[in-house]
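Work through the exercises below with the sequence and the 3D view side by side. Each task is followed by a solution in steps.

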Amino acid sequence: MPGESPRLGVAVSRVLPTVAPFHLEATVRLLQRRPTNRVDTWVDDGYRRAYATSEGVWLVETRNVGSIDEPDVRFAILNGSPSPATEAVLAASLRRTLGLDLDPAAVQRWAERKQGLRATALALRGFRPPRFPNLFETVGSVIPFQQLSLDAGASILGRLVDRFGASVVVDGTRSFAFPTPESVAEADLDTLRSAGLSRQKAETLRRLAARIVSGELKAEQFGALPTHEAIAALTQEQGIGPWSAAVILLRGFGRMEVFPPNDTGAARGLGALLALPPGPLSTEVIDRFGRYRGYLYFYSLGAQLLGRGLITPAPRVRRGTQSSQRTSCE
């Protein structure tokens with residue numbers, strides 16, 4: 001197990017180039033969903049996450065030491081020095097999770113021109129739609145939330161992390177990595193259920209973990225498919241319905257044309273943003289947003305987090321310098 005080491009101010013930091021603007025706090029909060037998240041944490045204006053690797057558990061801190069409009073994104077490993085190969089894997093995972101290879105300009109111009117979205121889009125300016133790092137973390141971060149509120153699902157997921165996630169202590173604080181598929185595949189069903197999962201959810205999670213470990217189930221199987229075929233393939237898996245399949249594709253594969261059906265929380269938040277009557281969102285309302293449907297999910301969640309004071313709104317852009325002054329991409 002790697003030992004403890006100094007914080008980012010002393011640890012060697014590595015640059016993660018990204019296109020401006022970049023709102024790290026908003027991106028991490030959208031990844032967390034709730035600040036009680038045990039794996040993805042926001043500490044002292046930085047993003048911390050522990051990773052379980054073959055070389056041990058590494059605590060990684062990511063900061064934007066520049067600004068939203070002139071980002072200088074860097075990461076440091078706070079508890080030692082992994083091999084160059086492992087460090088490269090960690091850097092690649094951060095790039096994927098934080099969406100650093102995405103250019104936000106087109107969707108920013110689009111959202112600022114949409115009635116009901118403009119104020120939230122301006123406040124979240126520079127955010128990227130975050131993605132879970134791998135297939136198991138994706139399904140493991142979706143199944144506990146089935147037919148539950150975000151708060152209830154987050155509570156169950158937190159207990160799963162406590163019971164099955166590897167951890168490391170740095171500066172007196174314990175940080176948890178997301179459970180590995182091996183740890184869940186080998187778990188006793190009653191222990192899984194003790195975290196708050198129903199029997200069906202526990203069986204589904206353990207079965208999918210075992211199939212991922214064996215290589216029967218791979219991210220490439222779904223990533224190579226068109227979205228409608230990927231949804232069909234996912235819903236063939238017992239315990240994965242249309243909502244779960246959509247969230248897996250949106251939050252795990254970055255399919256931004258997907259909006260999770262019958263998501264009551266997203267519907268409520270989006271209804272408030274768009275001044276819609278109470279009730280389920282109609283397909284026609286969602287389909288109006290075309291290939292940007294998935295962004296509605298993140299704007300709905302982002303508006304809630306802004307309202308709770310969990311995201312610092314991005315500063316207004318000086319006239320003539322950024323996306324708010326460009327013409328629409330449509």
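**Exercise 1. A residue in the last segment**

Is Arg 308 buried, partly exposed or exposed? The model is a predicted one.

Solution.
Step 1. Find the residue: Arg 308 is in the segment that follows α15.
Step 2. Apply the cut-offs: buried means under 20% relative accessible area, and exposed means over 50%.
Step 3. Arg 308 has a relative accessibility of 48%, so it counts as partly exposed.
Step 4. Look for contacts, leaving out residues up to four places away in sequence: Arg 308 touches Arg 34 and Asp 151.
Step 5. Compare sequence and space: Arg 308 and Phe 289 are 19 residues apart in sequence, and their C-alpha atoms are 26 Å apart.

**Exercise 2. Two residues inside helices**

Decide for Thr 97 and for Gly 158 whether each is buried or exposed.

Solution.
Step 1. Thr 97 belongs to helix α2, and Gly 158 to helix α6.
Step 2. The relative accessibility of Thr 97 is 1%, so this residue is buried.
Step 3. Gly 158 has a relative accessible area of 10%, so it is buried.
Step 4. Beyond residues up to four places away in sequence, Thr 97 touches Leu 31, Tyr 47, Pro 130, Arg 131 and Pro 133.
Step 5. Gly 158 and Phe 176 are 18 residues apart in sequence, with 9.8 Å between their C-alpha atoms.

**Exercise 3. Checking a helix**

Find the span expected for helix α12, residues 242-253, and compare it with the distance between its end C-alpha atoms. Then say how many of its residues are buried.

Solution.
Step 1. The expected span is 1.5 Å times one less than the number of residues.
Step 2. For the 12 residues of α12 this rule gives 16 Å; the end C-alpha atoms are 15 Å apart, which agrees.
Step 3. Of the 12 residues of α12, 10 are buried, so the helix is largely enclosed by the rest of the structure.
Step 4. Among these buried residues are Ser 244, Val 247, Arg 251 and Phe 253.
Step 5. The elements that cover them include α1, α2, α5, α10, α11 and α15.
Step 6. Just after α12 comes Gly 254, with a positive phi of about 65 degrees.

**Exercise 4. Backbone angles**

Which residue other than glycine has a positive phi near 55 degrees, and where is the peptide bond with omega near -5 degrees?

Solution.
Step 1. Recall the background: most residues other than glycine have a negative phi, and most peptide bonds are trans.
Step 2. Ala 275 has the phi near 55 degrees; its place is the loop between α13 and α14.
Step 3. With 67% relative accessibility, Ala 275 counts as exposed.
Step 4. Asp 45, which is not a glycine, also has a positive phi, of about 65 degrees. Asp 45 lies in the loop between β2 and β3 and is exposed, at 57% relative accessibility.
Step 5. The bond with omega near -5 degrees runs from Ala 20 to Pro 21 and is cis. Pro 21 is in the loop between β1 and α1.

**Exercise 5. The nonpolar cores**

How many residues make up the largest nonpolar core, and which have the most contacts inside it?

Solution.
Step 1. As background, nonpolar side chains tend to be buried together in soluble globular proteins.
Step 2. The largest core has 36 residues, and Phe 136, Val 139 and Leu 160 have the most contacts inside it.
Step 3. The elements giving two or more residues to this core are α5, α6, α8, α9, α11 and α12. The largest share, six residues, is from α6.
Step 4. Setting aside neighbours within four places in sequence, the contacts of Phe 136 include Phe 178, Pro 179, Val 184 and Leu 205.
Step 5. There is also a second, separate core of 31 residues, which includes Ala 123, Leu 124, Leu 306 and Leu 310.

**Exercise 6. Empty space**

How many cavities of 30 Å³ or more are there, and which residues lie closest to the centre of the largest cavity?

Solution.
Step 1. The count is three cavities of 30 Å³ or more.
Step 2. The largest cavity has a volume of about 140 Å³.
Step 3. It is lined by 17 residues; closest to its centre are Gln 32, Arg 33, Asn 37, Arg 38 and Leu 157.
Step 4. The elements that give two or more residues to this lining are α1 and α6, and α6 gives the largest share, four residues.
Step 5. Sorted by class, the lining of the largest cavity has eight nonpolar, five polar and four charged residues.

Note on methods
Residues are numbered from 1 along each chain as its sequence is written. This is a predicted model: local features need pLDDT of at least 70, side-chain atom pairs count only at pLDDT 80 or more; totals for chains, interfaces and linings use all residues. Side-chain values use heavy atoms; hydrogens and water are left out. On a 1 Å grid over the protein atoms alone, a cavity is a set of points where a 1.4 Å probe fits but cannot get out, and a pocket is an open set with protein on both sides within 12 Å along at least five of seven lines; lining residues have an atom within 4 Å of a point. Grid points are joined across faces, edges and corners, and a volume is the space filled by probe spheres set on the points. Ala, Val, Leu, Ile, Met, Phe, Trp, Tyr, Cys and Pro count as nonpolar, Asp, Glu, Lys and Arg as charged, and the others, Gly among them, as polar. Buried means under 20% relative accessible area, exposed over 50%, partly exposed in between (1.4 Å probe, protein chains only). Contact means heavy atoms within 4.5 Å. A nonpolar core is a set of buried Ala, Val, Leu, Ile, Met, Phe, Trp, Tyr and Cys residues joined through side-chain atoms within 4.5 Å.
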